[in-house]
Amino acid sequence: MLTTKAPKETRALGEALADLAHAGDLLVLAGEMGAGKTAFAQGFGSGLGVETPITSPTFTIVREYVGRALALHHIDVYRLDSMQEAGDLGLGEMLDEAAVMLVEWGDAILPALPTDYLEVRITFGDGDDDRRIELTPVGAAWSARRRSISETVAPWAHDAGASAGGASDPC
Ligand SMILES: Nc1ncnc2c1ncn2[C@@H]1O[C@H](COP(=O)(O)OP(=O)(O)O)[C@@H](O)[C@H]1O
Ligand SMILES: [Mg+2]
């Protein structure tokens, strides 16, 4: 269980995880509206070397960005009405060799997605800016990277409920 206390911390986590990304990878971003899925995607994109600003794809559904070595397909399926619409997007085929795909609300359309992915689940914490982030590798491609994931995210790993100190918010 990871925690962040500001949007920039969630972006920094995304940026760090981008270093582990391979061509053809899928990340499923789960969490309520305003949890920080797009914030995570922005950091992930900068980690891939995307220089254009990453905005929410809620209305466009799919946005594509060019990174240093890997492209980023950033998708938000919130507005899709059915599994059929999700299937029609052809997300599986979109995962070409030189791209990574991030799907906001991807947990709602799992049958339309490849079965290897890293689930990034963001939930609200106690304070307005507190978030809890849980990473779950599903399938061999990400499970094989468990150890490097743990090492990469160590700076965001805190005991639940513990304060790292320095926070000025009253309890
Ligand atoms: N720790 C945090 N991590 C991510 N976002 C945070 C955090 N604290 C506050 N926020 C705010 O929450 C909102 C997250 O929005 P966004 O990333 O668009 O969410 P989503 O894509 O999940 O709907 C932003 O307004 C951001 O400033
Ligand atoms: Mg979003």
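**Exercise 1. Helix 1 and its cover**

What covers the buried residues of helix 1?

*Solution.* Start with the ground rules. This is a predicted model, in which local features need pLDDT of at least 70 and side-chain atom pairs count only at pLDDT 80 or more, while totals for chains, interfaces and linings use all residues. Residues are numbered from 1 along each chain as its sequence is written, and chains are lettered from A and ligands numbered from 1 in the order in which they are written.

Step 1: find the helix. Helices (H or I, at least four residues) and strands (E, at least two) are DSSP runs, numbered from the N terminus. Helix 1 covers residues 7-18.

Step 2: pick out its buried residues. A residue is buried if 20 or more other C-beta atoms lie within 10 Å of its own, exposed if 12 or fewer, and partly exposed in between, with C-beta atoms placed from the backbone. In helix 1 the buried ones are Glu 9, Thr 10, Arg 11, Leu 13, Gly 14, Leu 17 and Ala 18.

Step 3: look at what lies over them. The cover includes strand 1 (2-4), helix 2, strand 7 and helix 6 (146-153).

**Exercise 2. Check the length of helix 2**

Compare the expected span of helix 2 with the model, then describe its surroundings.

*Solution.* Step 1: the expected span is 1.5 Å times one less than the number of residues. For the 12 residues of helix 2 this gives 16 Å, and the end C-alpha atoms are 17 Å apart, which agrees.

Step 2: 11 of the 12 residues of helix 2 are buried. Among them are Lys 37, Phe 40, Phe 44 and Leu 48.

Step 3: these buried residues pack against helix 1, strand 2, strand 3, strand 4, strand 5 and strand 6. After helix 2 comes Gly 49, with a positive phi near 90°.

**Exercise 3. Explore the core**

Which residues have the most contacts inside the largest nonpolar core?

*Solution.* Step 1: a nonpolar core is a set of buried Ala, Val, Leu, Ile, Met, Phe, Trp, Tyr and Cys residues joined through C-beta atoms within 7 Å. The largest one has 39 residues, and Leu 102, Val 103 and Val 120 have the most contacts inside it. Elements supplying at least two residues each include helix 1, helix 2 and strand 5 (99-104).

Step 2: follow Leu 102. Two residues are in contact if their C-beta atoms, placed from the backbone, lie within 7 Å. Beyond four places in sequence, the contacts of Leu 102 include Leu 27, Ala 41, Phe 44 and His 74.

Step 3: recall a general tendency. In soluble globular proteins, nonpolar side chains tend to be buried together.

**Exercise 4. Buried or exposed?**

Sort Thr 60, Ile 61 and Trp 105 by burial.

*Solution.* Step 1: Thr 60 sits in the loop between helix 2 and strand 3 (62-66). Thr 60 counts as exposed because it has 12 C-beta neighbours inside 10 Å.

Step 2: Ile 61 lies in the loop between helix 2 and strand 3. With 17 C-beta neighbours inside 10 Å, Ile 61 is partly exposed. Its phi is positive, about 70°, although Ile 61 is not a glycine.

Step 3: Trp 105 belongs to the loop between strand 5 and strand 6. Trp 105 has 21 other C-beta atoms within 10 Å, so it is buried. Phi of Trp 105 is also positive, near 65°.
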